[in-house]
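Ready for some practice in reading a protein structure? Work through the exercises below with the viewer open, and try each task before you read its solution.

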Amino acid sequence: MSFISYLINGISLGSVYAIIALGYTMVYGIAKMLNFAHGDVIMIGAYVVMASITRAGLPPFAAILVSIVFCTVLGVVIETVAYRPLLNAASSLAVLITAIGVSYLLQNIALLIFGANTISFASVVSVPALVLAGGALTITGETIVTIICCIVIMTALMVFIKKSKAGQAMLAVSEDKGAAQLMGINVNGTIALTFAIGSALAAVAGVLLCSAYPTLTPYTGAMPGIKAFVAAVFGGIGSIPGALIGGILLGVIEIFGKAYISSQMADAIVFGVLIVILLVKPAGILGKNIQEKV
Amino acid sequence: MAMLEIKDIEVYYGMIQAIKGISFEVKEGEVIALIGANGAGKTTILHTITGLLSPKRGSVLFEGQDITKIPAHKIVSLGMAHVPEGRRVFADLTVYENLKMGAYTRKDKAEIDETIAMVYKRFPRLEERKIQLAGTLSGGEQQMLAMGRALMSHPKIILMDEPSMGLSPILVNQIFDIIEEVSKSGTTVLLVEQNAKKALSIADRAYVLETGKIVLEGDAKALMDDDSIKKAYLGE
Ligand SMILES: Nc1ncnc2c1ncn2[C@@H]1O[C@H](COP(=O)(O)OP(=O)(O)OP(=O)(O)O)[C@@H](O)[C@H]1O
Ligand SMILES: [Mg+2]
């Protein structure tokens, strides 16, 4: 039974990674940049939920909505203020360095407002745990909600991209910004929308993560951010189903590594597997090898 | 009044001046050819007209309106479509989705479907392959798709950048026949070509470009008989 329980926990943790990885992968696919501040948006989202509940006295559901709106706006502001002026810059290194700068900025703002102390984050999930197999297998409410959220988000996003006009515009921009403009697509607007969606998802991920692992510091977003980035690369950066597969895989490997090998070694195992996968498939599991058609 | 008026534009890439003061005009209903060797600046001019580049000096007027400062994505809804050099179809989208993309700025679904039917009629090959990914089409089919996609916006004027590039002689003839049909159906055409012979044969007037300047202009038939043109561009 413990195997199944680990597997479910792994899928649940992986679902959070997948939701975060979506933000990396969409921004990379469309703006061709790595937004390393993405992980810190998760942390900000979690603080907003916490503050809305404990300081403003909002009910959890309203607090989550506030956090989603806040992060969406934050994502768009980061994009317009910090990244857009560099979009046509000669070096993509400039964008990368700016992203790292934004990441530290967000961490330090949180430090300034909330302090460095670890805050315990009360779970906002009120779904009861599921007890199966006569008590041998317990699935927590957080786990259930996380997995359901991941499924809903993935499905909604794929339908949005396939069926909506804005989604098709995203695909066009990701392939060829110049040609997209000739179709009448506002490229800057489309990139901003991508950041908005990615950041809204980061808020959701923040809530799920802190409900499952109920502590919060200004650095809470950093490690999950890096792991989700790894998940995105795992699956093939730029690919949405890739983010799902990469995220789940990463979560399962991490939990199995902790359970069966060593909890100190779990992260090393995760990154080791990444290296092996990239040696075999350099573009990731679902990634396309970049080919220029002449 | 000319439909499209280019007034003394100068365009730079960084410090390098690619266009050194060019003026020309396209009147409604005309087919205008812009010919010149590699690197003469033809693509740069088209990009400047549709806003992908902005000129350092000079202006672009469309139907009397100064569009020099209008961003590229707002140009198409004014009635100007651009078939870019190298086709640039969306490889990961299907033929049908590419055509829909061409109608991005249009709202009326019924009208869009009508235009798609019109494009399929003009390019039956596209209809046969409507669910195929554009990236897997042959070069000629991609050119047809790029032209069909541009027609989807229902343009008053269509700018085409070397539509015959890399195509077999039969396909070149086919593409030029289609350009003539498009022109006959009332769309004004600005055609950039290296295939000067073909371009001059369907154009009303032409401009000859050399390293960022217009060196010759006039009636297409007259240019075909011009000795310097014959030597430099027609291989005679
Ligand atoms: N992105 C760029 N950066 C720097 N220089 C450029 C750039 N694009 C074009 N040029 C230069 O500007 C000049 C005009 O180029 P352009 O592409 O307009 O020529 P063209 O007439 O379309 O040529 P071709 O027939 O080969 O397509 C060339 O000298 C070219 O090297
Ligand atoms: Mg060119």
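**Exercise 1. The interface**

Task: Find how much area chain A and chain B bury between them, and which three residues of chain A supply the most.

Solution. Step 1: Chain A and chain B bury about 2,000 Å² between them, and 57% of that lies on carbon and sulfur atoms. Keep in mind that this is a predicted model.

Step 2: On the chain A side, A:Glu175, A:Leu182 and A:Met183 supply 36% of the area that this chain buries against chain B, more than any other three residues.

Step 3: Now count who takes part: 19 residues come from chain A and 24 residues from chain B.

**Exercise 2. Polar links and helices at the interface**

Task: How many salt bridges are there between chain A and chain B, and which elements of chain A give two or more residues to the contact?

Solution. Step 1: The count between the two chains is two salt bridges. One of them joins B:Arg88 to A:Asp176, with the closest N and O atoms 2.8 Å apart.

Step 2: Add the polar contacts: six residue pairs between chain A and chain B are in polar contact, with both residues at pLDDT 80 or more.

Step 3: Look at the elements on the chain A side. Those that give two or more residues are α6 (165–175) and α7 (177–182) of chain A. The largest share, six residues, comes from α6(A).

Step 4: Sort the residues on this side of chain A by character, and you get eight nonpolar, five polar and six charged.

**Exercise 3. The magnesium ion**

Task: Which residues coordinate the magnesium ion (ligand 2), and which parts of chain B does the pair tie together?

Solution. Step 1: The donors are B:Thr43, through OG1, and B:Glu85, through OE, at 1.8 to 2.3 Å.

Step 2: Place both residues in the chain. B:Thr43 lies in helix α1 (residues 42–49) of chain B, while B:Glu85 lies in the loop between β6 (80–83) and α2 (95–102) of chain B, so the pair ties together parts that are 42 residues apart in sequence.

Step 3: Check the accessibility of each. B:Thr43 has a relative accessible area of 18%, so this residue is buried, whereas B:Glu85, with 32%, is partly exposed. The cut-off you need here is that buried means under 20%.

**Exercise 4. Salt bridges within a chain**

Task: Where in their chains do the partners of three salt bridges sit, and are these residues buried or partly exposed?

Solution. Step 1: Over all chains, the structure holds 14 salt bridges. Start with A:Lys227 and A:Glu254, whose side chains meet in a salt bridge of 3.3 Å, N to O. A:Lys227 is in helix α9 (residues 222–235) of chain A and A:Glu254 in helix α10 (residues 240–261) of chain A, so to speak distant parts of the chain, 27 residues apart. Both A:Lys227 and A:Glu254 are buried. A:Lys227, A:Glu254, A:Lys258 and A:Asp267 are linked in a network of salt bridges.

Step 2: Move to chain B. B:Arg205 forms a salt bridge with B:Glu30, the closest N and O atoms being 2.7 Å apart. This pair links distant parts of the chain, with B:Arg205 in strand β9 (residues 205–210) of chain B and B:Glu30 in the loop between β2 (16–26) and β3 (31–36) of chain B, 175 residues apart. B:Arg205 is buried at 18% relative accessible area, and B:Glu30 is buried at 12%.

Step 3: Finish with B:Arg129 and B:Glu141, a salt bridge whose closest N and O atoms are 3.2 Å apart. B:Arg129 sits in the loop between α4 (124–128) and α5 (139–151) of chain B, and B:Glu141 in helix α5 of chain B, 12 residues apart. B:Arg129 is partly exposed, with a relative accessible area of 29%, but B:Glu141 is buried, with 7%.

**Exercise 5. A covered helix**

Task: How many of the eight residues of α2(B) are buried, and what do the buried residues pack against?

Solution. Step 1: Six of the eight residues are buried, and α2(B) is mostly covered.

Step 2: Name them: B:Val95, B:Glu97, B:Asn98, B:Leu99, B:Met101 and B:Gly102.

Step 3: Look for their neighbours in both chains. The buried residues of α2(B) pack against α5 (141–163) and α6 of chain A, together with α3 (109–122), α4 and α5 of chain B.

**Exercise 6. A residue in a helix**

Task: Is A:Val69 buried or exposed?

Solution. Step 1: Find A:Val69 in helix α3 (residues 60–83) of chain A.

Step 2: The relative accessibility of A:Val69 is 52%, so this residue counts as exposed.

Step 3: Compare sequence with space: A:Val69 and A:Ala196 are 127 residues apart in sequence and 9.2 Å apart in space, C-alpha to C-alpha.

Definitions and conventions
Residues are numbered from 1 along each chain as its sequence is written. Chains are lettered from A and ligands numbered from 1 in the order in which they are written. This is a predicted model: local features need pLDDT of at least 70, side-chain atom pairs count only at pLDDT 80 or more; totals for chains, interfaces and linings use all residues. Side-chain values use heavy atoms; hydrogens and water are left out. Contact means heavy atoms within 4.5 Å. Buried area is the accessible area (1.4 Å probe) that two parts lose on being put together, summed over both. A salt bridge is a side-chain nitrogen of Lys or Arg within 4 Å of a carboxyl oxygen of Asp or Glu. A polar contact is a pair of N or O atoms within 3.5 Å; within protein, one must be able to donate a hydrogen and the other to accept it, and residues adjacent in sequence count only if both atoms are side-chain atoms. Helices (H or I, at least four residues) and strands (E, at least two) are DSSP runs, numbered from the N terminus. Ala, Val, Leu, Ile, Met, Phe, Trp, Tyr, Cys and Pro count as nonpolar, Asp, Glu, Lys and Arg as charged, and the others, Gly among them, as polar. Donors are N, O and S atoms within 2.8 Å of the metal (3.2 Å for Na, K and Ca); water is not among the atoms, so sites may look incomplete. Buried means under 20% relative accessible area, exposed over 50%, partly exposed in between (1.4 Å probe, protein chains only).
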